[in-house]
Amino acid sequence: MSSKTKIVVLHMKEVIYTAIFLILAILMITLLFIMFGPKKDQETSATAVQSSEPALYTAGVYSTAIELNDNTFDVQVTVDTNHINAIELVNLSESTAAMYPLMEPSLENIATQIYSTQSTDNITYSDDSKYTSMLLLEAIKSALAKAAP
């Protein structure tokens, strides 16, 4: 009995293309499963979290205008239902920033404290920027009052 040896020739290009298509098919199946798979556990836990905590804010972006010597700019506060996410100065011209150099550092100091405590109570500021900080804090409180549900 004689056996005939078969020689199979594969081109490297075909092997690489096949491997790439197999990887893409696996990724596509995984993505479809994640997108359209069962979501009941996530939905019930999200509903439980929302029902246990009352909403502190209406999610959105709220701003309060500040006018200093005929220059107007806004303090913009971004919130979701239970967190203060961002506080920033908007429409602050270069000339206003030059006239009031403590405006941006004071806001950064206040914002850092608010992010950590999620409250505008017990905010501390230096004596050098006392009035600037008070002005910014009142504007932030005003924007948060607009966000109240």
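Where in the chain is the place of Q118? Q118 sits in the loop between helix 4 and helix 5, and we will come back to this residue after a walk through the model.

A few ground rules help first. You are looking at a predicted model, in which local features need pLDDT of at least 70 and side-chain atom pairs count only at pLDDT 80 or more, while totals for chains, interfaces and linings use all residues. Residues are numbered from 1 along each chain as its sequence is written, and side-chain values use heavy atoms, with hydrogens and water left out.

Let us start with the overall layout. The protein chain has five helices and three strands; these are DSSP runs numbered from the N terminus, with helices being H or I runs of at least four residues and strands E runs of at least two. Along the sequence they follow the pattern α-α-β-β-β-α-α-α. Of the 149 residues, 24% count as buried, where buried means under 20% relative accessible area, exposed means over 50%, and partly exposed lies in between (1.4 Å probe, protein chains only). Among contacts between residues at least 6 apart in sequence, 50% join residues at least 24 apart; a contact means heavy atoms within 4.5 Å.

Now look at helix 4, which has 15 residues and reaches 21 Å from its first C-alpha to its last, close to the 21 Å expected at 1.5 Å a residue. The expected span is 1.5 Å times one less than the number of residues. In helix 4, M103, S106, L107, I110, A111, Q113 and I114 are buried. They cover an arc of only 165° around the axis, which puts them on the same side of helix 4; the arc is that of the directions from the helix axis to the C-beta atoms. Why can residues spread along a helix share a side? An α-helix has 3.6 residues a turn, so residues three or four places apart point the same way. On the other side of helix 4, E108, T112 and S116 are exposed. The cover over the buried residues of helix 4 includes strand 1, strand 2, strand 3 and helix 5.

Y115 also lies in helix 4, and at 33% relative accessibility it counts as partly exposed. Leaving aside residues up to four places away in sequence, Y115 touches I84, N85, A86 and I87. The C-alpha atoms of Y115 and A86 are 8.0 Å apart, although 29 residues separate the two along the chain.

Just after helix 4 we meet Q118 again, with a positive phi of about 55° although Q118 is not a glycine. Q118 is partly exposed, with a relative accessible area of 25%. D70 also has a positive phi, of about 65°, without being a glycine. You can find D70 in the loop between strand 1 and strand 2, where this residue is exposed, with a relative accessible area of 70%.

Helix 5 comes next on our tour. Its 18 residues (130–147) should span 26 Å at 1.5 Å a residue, and its end C-alpha atoms are 26 Å apart, which agrees. In helix 5, T132, S133, L136, L137, A139, I140, A143, L144 and A147 are buried. They cover an arc of only 160° around the axis, which puts them on the same side of helix 5. The face turned away from that buried side carries the exposed residues Y131 and A145. Strand 1 (60–68), strand 2 (71–79), strand 3 (84–90) and helix 4 (103–117) are included in what covers the buried residues of helix 5.
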